[in-house]
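The following exercises are to be worked with the sequence and the coordinates at hand. Each task is followed by a solution in steps.

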Amino acid sequence: MLTLVICAMPVVLSGCADALAQATGPSSRPIDPARADVAAFIADMNQKHGFSVEALGHLLGQAESKEFILQAIAKPAERTLRWDEYRPRFVLERRIDRGVEVYGQRQVELECAQAASGVPADIILGIVGVETFYGENIGKHRVLDALSTLAFDYPPRQEFFRKELEQYLVMTREESLDALQPVGSYAGAMGLPQFMPSSFRAYAIDGDADGKRDLWNDWADVFSSVGNYLKVHGWRGDEPVMVPADANNARLDGIDTKLALTETVGSLRARGLRFETDLPASAPAMLVALGVAGGTEYRVGFSNFYAITRYNRSQMYASAVSDLADAIAARRTGQPRPPAAGPLLPSTPAPSAGGWSTTTSGR
Ligand SMILES: [Ca+2]
């Protein structure tokens with residue numbers, strides 16, 4: 001998330017990268033606070049935020065620039081996964097079961113977050129389930145190392161990561177945290193919901209009013225913060241996220257497949273797309289085109305689908321969150337799962353969108 005968020009860590013891929021790192025033992029070296037660009041950053045933090053030059057130099061001198069992090073961020077997306085490869089990694093039995101379990105264990109915190117934000121508890125669980133498997137995979141890099149490495153030793157994204165490092169230092173001061181302690185992904189995404197520091201400062205909520213915003217240990221804060229993030233990014237009460245669509249004989253030529261609500265329920269129906277919803281013809285909508293083996297699965301996403309894509313800018317990500325949330329809701333209530341997919345269309349008139357987010361990418 002640019003100003004935003006986080007990213008669903010590619011669980012399988014990062015697991016491979018970790019194994020590789022252990023096998024090859026990538027190196028690390030301390031950040032040199034006297035280096036010109038580091039010293040300039042420190043001077044800037046002094047001017048803008050009143051940080052002590054000496055204390056910040058001492059802190060950054062304890063940060064490690066890690067080769068593993070540079071390798072991970074620069075790694076090209078191996079290839080864009082198809083939806084039928086991507087979905088099973090997130091909407092799998094163990095993740096559904098664990099979601100039901102967490103719902104039972106944390107029902108009070110979830111329902112409070114739902115009441116405050118208007119975002120259903122199952123969607124909040126779907127986000128946390130996809131992001132970190134409900135906290136099982138929050139990353140193990142010191143956030144200071146991750147952000148310092150990318151801020152000072154990764155020129156292609158240095159502007160973005162220097163801003164996030166700035167936000168992180170201000171955040172740890174505001175929250176009275178030791179900047180050396182918090183851990184996160186290799187890109188500095190933090191806690192169960194994988195918030196980047198700028199998002200933490202803007203959207204994190206102290207859900208249990210204990211005076212601290214703790215996205216690593218405090219489930220009330222985690223759920224409230226995810227709900228707040230989606231609420232701020234346009235979540236609409238009880239409206240649906242998405243529905244399956246039948247695109248046979250629909251006229252999809254020239255349709256915009258960017259992650260934007262460029263269509264309406266009425267305009268998509270006028271193109272011949274068939275789908276069921278109680279939303280009015282004027283309701284904002286977008287075509288969701290999910291590439292699978294042998295064709296394309298179409299759905300229609302509404303305002304709440306768009307809100308989820310603000311968390312991670314990928315149609316596949318938002319579709320996986322929606323499907324996981326539906327599966328958790330169905331299992332815990334004993335209801336049958338709603339059909340996620342309509343008929344496949346064998347040709348692919350519209351490109352499939354999404355893929356692995358490059359962590360903090362552009363969102
Ligand atoms: Ca709290």
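**Exercise 1. The chain as a whole**

What percentage of the 363 residues of the chain count as buried?

*Solution.* The model is a predicted one, in which local features need pLDDT of at least 70 and side-chain atom pairs count only at pLDDT 80 or more, while totals for chains, interfaces and linings use all residues. Residues are numbered from 1 along each chain as its sequence is written.

Step 1. Apply the criterion: a residue is buried if 20 or more other C-beta atoms, placed from the backbone, lie within 10 Å of its own, exposed if 12 or fewer, and partly exposed in between. By this criterion, 49% of the 363 residues are buried.

Step 2. List the secondary structure, taking helices (H or I, at least four residues) and strands (E, at least two) as DSSP runs numbered from the N terminus. The chain holds 15 helices and eight strands.

Step 3. Examine the contacts, where two residues are in contact if their C-beta atoms, placed from the backbone, lie within 7 Å. Among contacts between residues at least 6 apart in sequence, 74% join residues at least 24 apart.

**Exercise 2. Helix α8**

Determine how many residues of α8 are buried, and identify what covers them.

*Solution.* Step 1. Helix α8 spans residues 121-132, and its 12 residues reach 16 Å from first C-alpha to last. This is close to the expected 16 Å, the expected span being 1.5 Å times one less than the number of residues.

Step 2. Of its 12 residues, 12 are buried; among them are D122 and E131.

Step 3. The cover includes α5 (83-90), α6 (93-105), α7 (107-117), α12 (219-232) and α15 (315-333).

Step 4. Just after α8, F133 takes a positive phi of about 55 degrees.

**Exercise 3. Helix α15 and its neighbours**

Establish how α15 is placed against α6 and against the strands.

*Solution.* Step 1. In α15, 15 of the 19 residues are buried, so this helix is largely enclosed by the rest of the structure. Just after α15, G334 takes a positive phi of about 75 degrees.

Step 2. The axes of α6 and α15 come within 9 Å and cross at roughly 60 degrees. Axes are lines fitted to C-alpha atoms, for helices over the stretch in contact, and angles run from 0 to 180 degrees between N-to-C directions.

Step 3. R95, I96, G99, V100 and Y103 of α6 meet L324, A327, I328, R331 and R332 of α15. By class, this contact has six nonpolar, one polar and three charged residues (Ala, Val, Leu, Ile, Met, Phe, Trp, Tyr, Cys and Pro count as nonpolar, Asp, Glu, Lys and Arg as charged, and the others, Gly among them, as polar).

Step 4. α15 also lies across β5, β7 (284-292) and β8, running at about 95 degrees to β7.

**Exercise 4. The four-stranded sheet**

Why is one side of β5 and of β6 left without a neighbour in the sheet?

*Solution.* Step 1. The open sheet has the strand order β5-β8-β7-β6, with antiparallel pairing; strands pair if DSSP finds at least two bridges between them.

Step 2. β5 (242-244) and β6 (263-264) stand at the edges with a single partner strand each, so one side of each has no neighbour in the sheet.

Step 3. The pairing of β5 with β8 (residues 295-301) is antiparallel and runs over three bridges. Within it, M242 stands opposite G301 of β8.
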